[in-house]
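Hi,

Here is the structure I said I would pass on. Have a look at it first, and my notes follow below.

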Amino acid sequence: MQLVGNNDRCSLHPPEDAEMDGPFQLANSVIDTVINNTDPAVFLLRRIEETPEYAHYRALIGRTDGNLAKTLKQWLDSDYRVFSFQYVESTDAAFKQQCMMWHQLEGPDGKLDNERHPEPNDGQVIRCPVCST
Ligand SMILES: [Zn+2]
């Protein structure tokens, strides 16, 4: 018999938004209610993609250096229905967290609508903690 220790806990749960707040409905009033500061943040938007036989989630992972509420409102008229978010301590932390989630969700071949690997801001000298690009 194999015992599952605490160290294995993460692998048994979807990692994608385990540390995030949400999901919340992507609506103007909800954004105004739950977003209450302008720290850098990482966010995940989700939509449901339907085929004749299946419905499955697709996600978009993004980051913001300040105005999360304003950033999320750009997607109000999109197919995305819910959002999750996590504040981080710096713009570098936002980039790193976005990269880690990009790799966890396996980019466009996995569950993401993001077609390309996250890129640093202009002038931001930092590398992806997973693949060093
Ligand atoms: Zn990477």
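Strand 1 (residues 21–25) and strand 4 run antiparallel and are joined by three bridges. One pairing to pull up in your viewer is F24, whose bridge partner in strand 4 is F83. Strand 4 also pairs with strand 2, again in the antiparallel sense, this time over six bridges. On that side, R46 has V82 of strand 4 as its bridge partner.

Before you go further: this is a predicted model. The mean pLDDT of the protein is 88, and 86% of its residues reach 70 or more. The part to treat with care is residues 1–13, where the pLDDT is below 50. Beyond near neighbours in sequence, that stretch has two contacts in the model.

For the overall layout, there are four helices and four strands. Read from the N terminus, the elements go α-β-α-β-β-α-β-α. If you like contact statistics, take the contacts between residues at least 6 apart in sequence: 73% of them join residues at least 24 apart.

Now the core. Of the 133 residues, 25% count as buried. The largest nonpolar core has 20 residues, and F43 and F83 are the ones with the most contacts inside it. Strand 2, strand 3 (55–64), helix 3 (68–73), strand 4 (82–87) and helix 4 (91–104) each give two or more residues to this core. As background, nonpolar side chains in soluble globular proteins tend to be buried together.

What does F83 touch, leaving out residues up to four places away in sequence? The list is G22, P23, F24, L26, F43, L44, L45 and L72. So F83 turns up twice in these notes, because it is the bridge partner of F24 and is also, with F43, one of the residues with the most contacts inside the largest nonpolar core.

One last spot is D39, which sits in the loop between helix 2 (28–34) and strand 2 (41–50). Is D39 buried or partly exposed? It has 15 other C-beta atoms within 10 Å; buried would take 20 or more and exposed 12 or fewer, so D39 comes out as partly exposed. D39 and D65 are 26 residues apart along the chain, yet their C-alpha atoms are separated by 6.9 Å.

Shout if anything looks odd on your side.

Cheers

Definitions and conventions:
Residues are numbered from 1 along each chain as its sequence is written. This is a predicted model: local features need pLDDT of at least 70, side-chain atom pairs count only at pLDDT 80 or more; totals for chains, interfaces and linings use all residues. pLDDT is the predictor's confidence in each residue, from 0 to 100. Two residues are in contact if their C-beta atoms, placed from the backbone, lie within 7 Å. A nonpolar core is a set of buried Ala, Val, Leu, Ile, Met, Phe, Trp, Tyr and Cys residues joined through C-beta atoms within 7 Å. Two strands pair if DSSP finds at least two bridges between them.
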